[in-house]
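Visitor: I am new to this structure and should be grateful for a close look at one part of it. Would you please take chain B and explain how it is built?

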Amino acid sequence: MRIGDAKQTYLADEAIWTSSTQKIWFALLLAVLLAFPFMASSYLLYLGCLVGIAVISTTGLNILTGYTGLISLGQAGFMGVGAYTVAWLSLNTGLPFPVTLLAAGLLAAAVGVLVGLPSLRVKGLYLAIATLAASVFLHFIFAEWEPVTGGMEGLSLEPAHLFGLEFRSDFAMYFIIVPLAVLALFGAKNLFRTRVGRAFIAIRDRDISAEILGIPLLKYKLMSFALSSFYAGIAGGLFAYFYRVVTPESFPLSMSIFYLAAVIVGGMGNLLGGVLGAAFMTLVPEALKLLTAVMTPIWPNAPVFMSPMLEIIFGALIVGFLIFEPHGLAEIWRRVRRFFHLWPFRS
Amino acid sequence: MNILEISQLSLSFGGVHALQDVSFHVPKDTITTVIGPNGAGKTSLFNCISGFYKPQQGEIRYQGAPLRGIKPPKRAALGLARTFQNIALFRGMTVLDNIKLGAHVHMKTGLLGSLAYYGRARREEMEIREEVERRIIDFLEIDHIRRQPVASLPYGLQKRVELARALAMRPKVLMLDEPVAGMNREEKEDMARFILDIREEWDVTVLMVEHDMGMVMDISDHIAVLNFGQVIAEGKPQDVQQNPDVIKAYLGNSDIDDLRKRLNPDREAA
C-alpha cells in the first residue's frame, strides 16, 4: 500500500518519482538494462537494439500524435532523412557519431517543420494525407538524388566511432542506443511537466480555446513537428549505424504505419505506452516466429502452416487491443499499479 | 475611466447580422454585465473582444488603444482573460495543469528548457506552482481536487476550475461567459461571492454574460442589454430593469405588469 506520500516542497511534489519505492524500481530497471548485453544471446541483443530504436521513434511520434493530436504518416520519411544524413556525413566527413546523430536530428527537425506547415489549416485525416504526400516525396528524393543518396543502391557506411573507439558489434551499439532511448524518454517526461508540453496537450484537447488562452497555434504545432522529427532523425541515424546500409526501401510507408500502430497499441499520450507499444510491435512478430520453431518438433508441418498465419495473428492481436484495451497497454500497467497502491485493501 | 470601449461594432456571417452597430463601454473596476435573449449576440461580442471573430466594422479600444489586428494569444498576454459558455477545459490534463496553463503567457521557458527541466525552467515552474497554489487554489477552495483529471469533476466544479484558469492569466479584464448557467442555488451563491471577491481583491474588471437575472441585478454595477445584435439599453441595474424596451425584448408585449414582477423578484417579495 502507498503511504507516507506527504510533501513539504512543490519541487518534491512535482518530481518524476514521488516515492522511494519508485526510485528503487527504476534503479533496478537501469541495472537490468545495463546487465542485459552481458547475459543476452546475440539474437536477444539484436532485438534489444531494435526495440531501443523503435522506442525513440515511437516516443517522437507520441509527442506529435498522442500529445499534440496531429496525426502523421511521415515518421518513416523523417527517419530516412536522419539515416541518410548520418550515412552521408560518415562517408564524406568521417565525423564521430555524436556529431552526425545531432546533425541527423536537426535536419530531420527542419524537414519536419516544412512538412508541418499545412497543420495550421488541416487536421485529422487531412493532415495524415498531407504528411503521407510528404513521405512519398521524401522517398522519391532518396531514390532519385543519386549523387547524395546513392539512388536505389543506397549507401553503405563505416561503424560509428568516437575517440578512436569503433562501435561495430550489436553489443557496442547497444551502449549507444539504450542510453539515448533513456535520455529521449527523460526529455519527453520533462516536457510534459512544463510549459511547452502543457501547450501541446491544450492544442490536442481544444485548439480554439488554447489560442484564446494565449498559445500561438502555428508556433507550437511546428515545435511539436520539429521535436517529433528530431526524435525520428536520431532513431533513423541509429538505424543507419546499426545496419550500416541505408536504401530507399529501408523506410517504407508501412514503417510509418508501424509507428502509428505502436503509439495506439501502447496508449496515445502516454510515454510508458510508447515504450510498451514499441516493444510489442517489435517483439510480437519475433515471438510468433519463436512459437513456430517451438511447435515444429511436435507438429512437423508448423512452419508451412504458421508462416502465412503470422501476419494474420499479429493483425488480430492489434485489433483485439483496440477493442478490449482502447487506452492501450499503458492502461493495463496503470491497473496493476493501482492494485498494489491499495493492496492489501480493496477499494 | 473605461477599460474597454466598444464603438459601432458590426459583425455578420453571410446574411446573418450577429452584431449591428454595437456601442457600449466597460468602466474600470466594475462588474459589467451584458444581458439579452438567446441569440442576441452576447457570445459573438465576447469572441470579437477575444479576437476569435473579426468584426467587419467598428472598433474595440482596450485601455485606450485599439485592439484591431492583435491576434488572440497577444490579447491574452495583454490581460484579456475569459471563460467559455460550454466549459472549455483541457480534458486530458489535471486540474492543476489546466490552471497552470492559464499562466502560459507569463512564462518564458522554451523548448530546450522544457526538455531539460533545469535551472530557470524549473525555477519558473516552481514560481508558477506557488502562485497558483497560494493565490488561486486556496482562494477558490479547490485544493481537494487539484490532482484529479478535469473530466471526472461535477459541472459546478468544472466551472470553478475554468475561473481558476482565467485567474492564472493575471487578467485586467475577466470575461465570464455564463458563469452560473446550470448551477444549483448554492453553487450560484458561491460563484457570485467569488466574482465579488475577485473584483475587490484582484484589481480586476469583470465583464460578464449571464442569464440569471437575480444574480445579474445583485452584483452588477453596469449593464448593457443586447437584442438582435443591437444595444437596446445601457446603465445601472435599476434603470435597465425599468426600461420598457428591455422588458419587451425579454418577455414580449403581453401583460407588462406581470412580467415586470417576474423580472424583479425582490420587489415582489417586498
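Guide: The following account describes chain B, with its sheets, helices and domains, and then turns to its partner.

The model is a predicted one. For chain B the average pLDDT is 88, and 93% of the residues score at least 70. For the complex, the predictor gives an ipTM of 0.86 and a pTM of 0.88.

The domain assignment provides a first division of the chain. Domain 1 of chain B comprises 1-79 + 171-270, while domain 2 of chain B comprises 88-170. Taken over C-alpha atoms, the centres of domain 1 and domain 2 of chain B are separated by 27 Å. Where these domains touch, 11 residues of domain 1 are in contact with 10 residues of domain 2. On the side of domain 1 of chain B that touches domain 2, the elements giving two or more residues are α2 (72-77) and α7 of chain B. Of the elements there, α2(B) gives the most, with 3 residues. By class, this side of domain 1 has 8 nonpolar, 2 polar and 1 charged residues.

The sheets may be taken next. One of them is an open sheet of 4 strands of chain B, arranged in the order β2-β1-β4-β5 with antiparallel pairing. Its edge strands are β2 (16-27) and β5 (65-66) of chain B, each of which pairs on one side only. Strand β5(B) is joined to β4 (residues 57-62) of chain B in the antiparallel sense over 2 bridges. In this pairing, B:Y62 has B:A65 of β5(B) as its bridge partner. Helix α1 (residues 42-50) of chain B lies across β1 (2-13), β2 and β4 of chain B, and its course makes about 70° with β2(B).

Another open sheet of chain B is formed by 6 strands in the order β6-β7-β8-β3-β9-β10, and its pairing is mixed. The edges are held by β6 (80-82) and β10 (230-235) of chain B; each has a single partner strand, so one side of each is left without a neighbour in the sheet. On average, neighbouring strands of this sheet are turned by 20° against each other, direction ignored. Within this sheet, β7 (residues 173-177) and β8 (residues 205-209) of chain B pair in the parallel sense over 5 bridges. Here B:M175 stands opposite B:L207, a residue of β8(B). Helix α7 (residues 185-202) of chain B packs on the sheet and touches β3 (31-35), β7 and β8 of chain B. The direction of α7(B) makes about 150° with that of β8(B).

There remains the partner of chain B. Chain A contains 15 helices and 4 strands, and its C-alpha trace spans about 65 × 65 × 45 Å along its principal axes. The contact between the chains takes 29 residues from chain A and 32 residues from chain B. On the side of chain A that touches chain B, α1 (10-13), α8 (170-191), α9 (195-205), α10 (207-212) and α11 (217-243) of chain A each supply at least two residues. The most is given by α9(A), with 9 residues. The residues of this side of chain A divide into 14 nonpolar, 7 polar and 8 charged.

Conventions:
Residues are numbered from 1 along each chain as its sequence is written. Chains are lettered from A and ligands numbered from 1 in the order in which they are written. This is a predicted model: local features need pLDDT of at least 70, side-chain atom pairs count only at pLDDT 80 or more; totals for chains, interfaces and linings use all residues. Two residues are in contact if their C-beta atoms, placed from the backbone, lie within 7 Å. Ala, Val, Leu, Ile, Met, Phe, Trp, Tyr, Cys and Pro count as nonpolar, Asp, Glu, Lys and Arg as charged, and the others, Gly among them, as polar. pLDDT is the predictor's confidence in each residue, from 0 to 100. Two strands pair if DSSP finds at least two bridges between them. Axes are lines fitted to C-alpha atoms, for helices over the stretch in contact, and angles run from 0 to 180 degrees between N-to-C directions. Domain bounds come from an automatic or database domain assignment.
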